[in-house]
Amino acid sequence: MLLVPSVFFKPKDRVEESDAAREKFFVPESDHLTLLNVYKQWKSNSYSGDWCNDHYLHSKGLKKAREVRSQLISTPRYSEDGKNPTDLLWSRLGHCEEGHLLPNAARLKGIGEYVNCRNGMPCHLHPSSALYGERKPPSTYTRPTKMGL
């Protein structure tokens, strides 16, 4: 779902409704798990376009994510040993965040202040992040909104 534009949409005349709908999908530990939660909910609702509209989601982006997921599952490493491919995707997602996103790792410097662990540059959470406003500090970020000099 990282390969498609944001699956959430916010109509100008229904900002509060769309924000409330988006917050229902939040997983406090990670934006990536939030996106995976959206996908699983969409799947449990039979990939319904009407369900997407009711929850302020772009069905086109979710359909693209479904296509990419199908390609990943058809790759042998995701279906080896007879394990459930969805369970493997869930467990490997955490490993991906720790390993592949390490260049984006941030540490808490002060109250609400984060710095990149690799280069020490100041960074901030994106306001659309499920982590934004959380008291528990995140371990990674993927969309810095403001970089210091």
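In which sense do strand 2 and strand 3 pair, and over how many bridges? In this predicted model, strand 2 and strand 3, the latter made of residues 122-123, pair in the antiparallel sense over 2 bridges. One of the residue pairs involved is Val115 with Pro122, its bridge partner in strand 3. Another is Tyr114, whose bridge partner in strand 3 is Cys123. The two strands form a hairpin with 5 residues between them. In the turn of this hairpin, Gly120 has a positive phi of about 75 degrees.

Strand 2 also has a partner on its other flank in the sheet order, namely strand 1. Strand 1 covers residues 106-110 and strand 2 covers residues 113-116; they pair in the antiparallel sense over 4 bridges. Gly110 of strand 1 stands opposite Glu113 in strand 2. This hairpin has 2 residues between the strands, and Gly112 takes a positive phi near 70 degrees there.

Taken together, the 3 strands form an open sheet in the order 1-2-3, with antiparallel pairing. Strand 1 and strand 3 stand at the edges with a single partner strand each, so one side of each has no neighbour in the sheet.

The sheet can now be placed in the chain as a whole. The protein chain contains 5 helices and 3 strands. Read from the N terminus, the order of elements is α-α-α-α-α-β-β-β. The chain has 149 residues, of which 32% count as buried. Its accessible surface comes to about 9,900 Å², and carbon and sulfur atoms account for 52% of that area.

Which share of the contacts joins residues at least 24 apart in sequence? Among contacts between residues at least 6 apart in sequence, the share is 50%. A separate example of parts that are far apart in sequence is given by Glu29 and Leu131: they are 102 residues apart along the chain, while their C-alpha atoms are 7.1 Å apart in space. Glu29 is found in the loop between helix 1 (15-23) and helix 2, and it is partly exposed, with a relative accessible area of 48%.

Helix 2 spans residues 31-44 and includes Asn37. Is Asn37 buried or exposed? Its relative accessibility is 17%, so Asn37 counts as buried, the limit for that class being under 20%. Leaving aside neighbours within four places in sequence, Asn37 is in contact with Lys24, Phe25 and Val27.

Phe25 appears again among the aromatic residues: ring pairs link Phe8, Phe25 and Trp51 into a cluster. How many aromatic pairs are there? The count comes to 6 aromatic pairs. For Phe9 and Tyr56, the ring centres are 5.8 Å apart and the planes are at 65 degrees, so this pair is edge-to-face. The pair links distant parts of the chain, 47 residues apart: Phe9 lies in the segment before helix 1, and Tyr56 lies in the loop between helix 3 (49-54) and helix 4. The two residues can also be described by their accessibility. Tyr56 is buried, with a relative accessible area of 8%, whereas Phe9 is partly exposed at 25%.

Another aromatic ring, that of Tyr47, has a charged group over it. The charged end of Arg66 sits over the ring of Tyr47, at 3.5 Å from the ring centre.

The last topic is the pairing of opposite charges. How many salt bridges does a search of the whole structure find? The search finds 2 salt bridges. One joins the side chains of Lys10 and Asp19, with a distance of 3.2 Å from N to O. Lys10 has a relative accessible area of 45%, so this residue is partly exposed.

The other salt bridge is formed by Glu67 and Lys64, whose closest N and O atoms are 3.5 Å apart. Where do these two residues lie relative to each other in helix 4? Helix 4 runs over residues 59-74, and because Glu67 and Lys64 are 3 residues apart in this helix, about one helical turn separates them. Glu67 counts as partly exposed at 41% relative accessibility, and Lys64 counts as partly exposed at 38%.

How values were computed: Residues are numbered from 1 along each chain as its sequence is written. This is a predicted model: local features need pLDDT of at least 70, side-chain atom pairs count only at pLDDT 80 or more; totals for chains, interfaces and linings use all residues. Side-chain values use heavy atoms; hydrogens and water are left out. Two strands pair if DSSP finds at least two bridges between them. A salt bridge is a side-chain nitrogen of Lys or Arg within 4 Å of a carboxyl oxygen of Asp or Glu. Buried means under 20% relative accessible area, exposed over 50%, partly exposed in between (1.4 Å probe, protein chains only). Contact means heavy atoms within 4.5 Å. Accessible areas come from the Shrake-Rupley method with a 1.4 Å probe; for residues, only the protein chains shown count as cover. Rings of Phe, Tyr and Trp (its six-membered ring) pair if their centres lie within 6.5 Å; planes under 30 degrees apart count as stacked, over 60 as edge-to-face and the rest as tilted. A charge sits over a ring if NZ of Lys or CZ of Arg is within 6 Å of the ring centre and within 35 degrees of the ring normal.
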